[in-house]
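Visitor: I am new to this structure and would like a close look at a single part of it, namely the aromatic side chains and how they pair. Please take me through them slowly.

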Amino acid sequence: MGAVSAPPWGHKPPPVDDATAYWTQSPPAPSPRCTYWLRRHTEGTWRPNRRLRIEGYHTAAEHLGIWIWEYLHLIRPLFDEEEGAGSTP
């Protein structure tokens with residue numbers, strides 16, 4: 001069996017231990033997993049799927065492996081931005 005090669009965007013960092021640890025206040029620094037998702041989104045290699053868009057914020061944060069604050073203030077705005085870009089005025 002050969003070595004496992006990393007995808008072009010790298011391996012996903014481990015999820016945060018507790019998505020609720022930072023809920024109402026920002027963490028001292030973004031989690032490595034959040035940074036991973038933001039980088040992939042910027043590079044165009046990740047877009048949130050419909051299931052993730054309709055999940056509640058707690059479930060979505062756990063699914064992504066990030067803190068709730070990161071989901072609400074960093075990731076969810078990306079969804080809203082994309083939805084706004086897709087609509088016609």
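Guide: What follows is a walk through the aromatic rings, with a short look at charged side chains at the end. The model is a predicted one, in which local features need pLDDT of at least 70 and side-chain atom pairs count only at pLDDT 80 or more, while totals for chains, interfaces and linings use all residues. Residues are numbered from 1 along each chain as its sequence is written, and side-chain values use heavy atoms, with hydrogens and water left out.

Rings of Phe, Tyr and Trp (for Trp, its six-membered ring) are paired if their centres lie within 6.5 Å, and a pair is called stacked with planes under 30 degrees apart, edge-to-face over 60, and tilted for the rest. By this rule there are five aromatic pairs. One of them joins Tyr 22 and Trp 67, which counts as edge-to-face because the ring centres are 4.8 Å apart and the planes stand at 70°. Tyr 22 belongs to the segment before H1, whereas Trp 67 is in the loop between helix H3 (57-64) and helix H4 (68-86), so this pair ties together parts that are 45 residues apart in sequence; helices here are DSSP runs of H or I with at least four residues, numbered from the N terminus. As for cover, buried means under 20% relative accessible area, exposed means over 50%, and partly exposed lies in between, with a 1.4 Å probe and protein chains only. Tyr 22 is partly exposed at 22%, while Trp 67 is buried at 15%.

Another edge-to-face pair is made by Tyr 36 and Trp 37, with 5.0 Å from centre to centre and 70° between the planes. Tyr 36 is buried, with a relative accessible area of 3%, and Trp 37 is buried as well, at 7%. Together with Trp 46, Tyr 36 and Trp 37 form one aromatic cluster.

A ring can also lie beneath a charge: the charged end of Arg 53 sits over the ring of Phe 79, 5.6 Å from its centre, where the rule asks for NZ of Lys or CZ of Arg within 6 Å of the ring centre and within 35 degrees of the ring normal.

Finally, Arg 39 and Glu 43 meet in a salt bridge at 3.8 Å, N to O, the term requiring a side-chain nitrogen of Lys or Arg within 4 Å of a carboxyl oxygen of Asp or Glu. Both residues lie in helix H1, four residues apart, about one turn of the helix.

Methods. Helix = DSSP H or I, 4+ residues; strand = E, 2+ residues; numbered from the N terminus.
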